[in-house]
Amino acid sequence: QQVFQGLDVFGANIKAHFNQEGNLTAVNGTYVPGINLNISPTISETQAMERAMQSVGSESDATPINSQLLLFRENLVKGTPGANRLAWQVVVSNGRDVKQMVFVDAQA
């Protein structure tokens, strides 16, 4: 797991694969280079949870079940350039049929 100034970088991890003899056979994953970011949030964890709930909607009877401050690289999954953002990752669930991971900009 890549870490920047103590915060996880979402989706950035390297995996090493070994055979039964313990020999390294492959390495793959994602690394975010050149991170330069202020890691002081201007949005509190409580505010982030409120915003996450607004995005999910009240009809689902879901509530935030956990949150984490992390670094989020825009377009990482697409493999194209993107900005680094400080974000709250909030997981919202009703314990049955709703479970969503919502990212809230921590500096907006």
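Reader: Hi! Where is Asn75 found?

Author: Hello! This is a predicted model, and in it Asn75 sits in the loop between β5 and β6.

Reader: What is phi like for Asn75?

Author: Phi of Asn75 is near 70°, a positive value in a residue other than glycine. For background, most residues other than glycine have a negative phi.

Reader: And how accessible is Asn75?

Author: Asn75 has a relative accessible area of 30%, so it counts as partly exposed.

Reader: What about phi at Gln5?

Author: Gln5 is not a glycine either, and its phi is positive, at about 45°. Gln5 belongs to the loop between β1 (3-4) and β2 (7-8). With a relative accessible area of 52%, Gln5 is exposed, because the cut-off for exposed is over 50%.

Reader: Which residue takes a positive phi in the hairpin of β6 and β7?

Author: That is Gly95, with phi near 80°. The hairpin has five residues between its strands.

Reader: How many bridges join β6 to β7, and do the strands run parallel or antiparallel?

Author: Seven bridges join them, and the strands run antiparallel. One pairing to look at is Val92, whose bridge partner in β7 is Gln100.

Reader: Switching to charges: how many salt bridges does the count come to?

Author: Two. Asp61 forms one with Arg96, where the closest N and O atoms are 3.1 Å apart. That pair links distant parts of the chain, 35 residues apart: Asp61 is in the loop between α1 and β5, and Arg96 is in the loop between β6 and β7.

Reader: Are Asp61 and Arg96 exposed or partly exposed?

Author: Asp61 is partly exposed at 46% relative accessible area, while Arg96 is exposed at 60%.

Reader: Which side chain meets Arg85 in a salt bridge?

Author: The side chain of Glu74 does, at 2.8 Å from N to O. Arg85 lies in strand β6 and Glu74 in the loop between β5 and β6, so this salt bridge ties together parts that are 11 residues apart in sequence. Arg85 is partly exposed at 34% relative accessibility, and Glu74 is also partly exposed, at 27%.

Reader: Nice. Now the largest nonpolar core: which residues touch the most other members?

Author: Val9, Ile35, Trp88 and Val92 do, in a core of 22 residues. The elements supplying at least two residues each are α1 (45-56), β5 (63-73), β6 (84-93) and β7 (99-105). Of these, β6 gives the most, with four residues.

Reader: What does Val9 touch, leaving out residues up to four places away in sequence?

Author: Val9 touches Gln1, Gln2, Val3, Phe4, Val32, Ile35 and Leu71.

Reader: And where does Pro41 lie?

Author: Pro41 lies in the loop between β4 and α1, and it is partly exposed at 37% relative accessibility. Leaving out residues up to four places away in sequence, Pro41 touches Leu69, Leu86, Trp88, Ala106 and Gln107. The C-alpha atoms of Pro41 and Trp88 are separated by 9.0 Å, with the two residues 47 apart along the chain.

Reader: Last one: which residues form a nonpolar patch on the surface?

Author: Ile14, Phe18, Leu24, Val27 and Tyr31 form it, together showing about 560 Å² of accessible area. Two elements, β3 (14-18) and β4 (24-29), give two or more residues to this patch. Leu24, found in strand β4, counts as exposed at 52% relative accessibility. For contrast, nonpolar side chains tend to be buried together in soluble globular proteins.

Terms used:
Residues numbered from 1 in each chain as written. Heavy atoms only, no water. Patch = residues over 30% accessible without salt bridge, like charges linked within 9 Å, V, L, I, M, F, W, Y side chains within 5 Å. Areas by Shrake-Rupley, 256 points an atom, 1.4 Å probe, with all protein chains shown as cover. Salt bridge = Lys/Arg side-chain N within 4 Å of Asp/Glu carboxyl O. Buried < 20%, exposed > 50% of the residue type's maximum accessible area, 1.4 Å probe, protein only. Core = buried A, V, L, I, M, F, W, Y, C linked by side-chain atoms within 4.5 Å. Contact = heavy atoms within 4.5 Å. Pairing = 2+ DSSP bridges.
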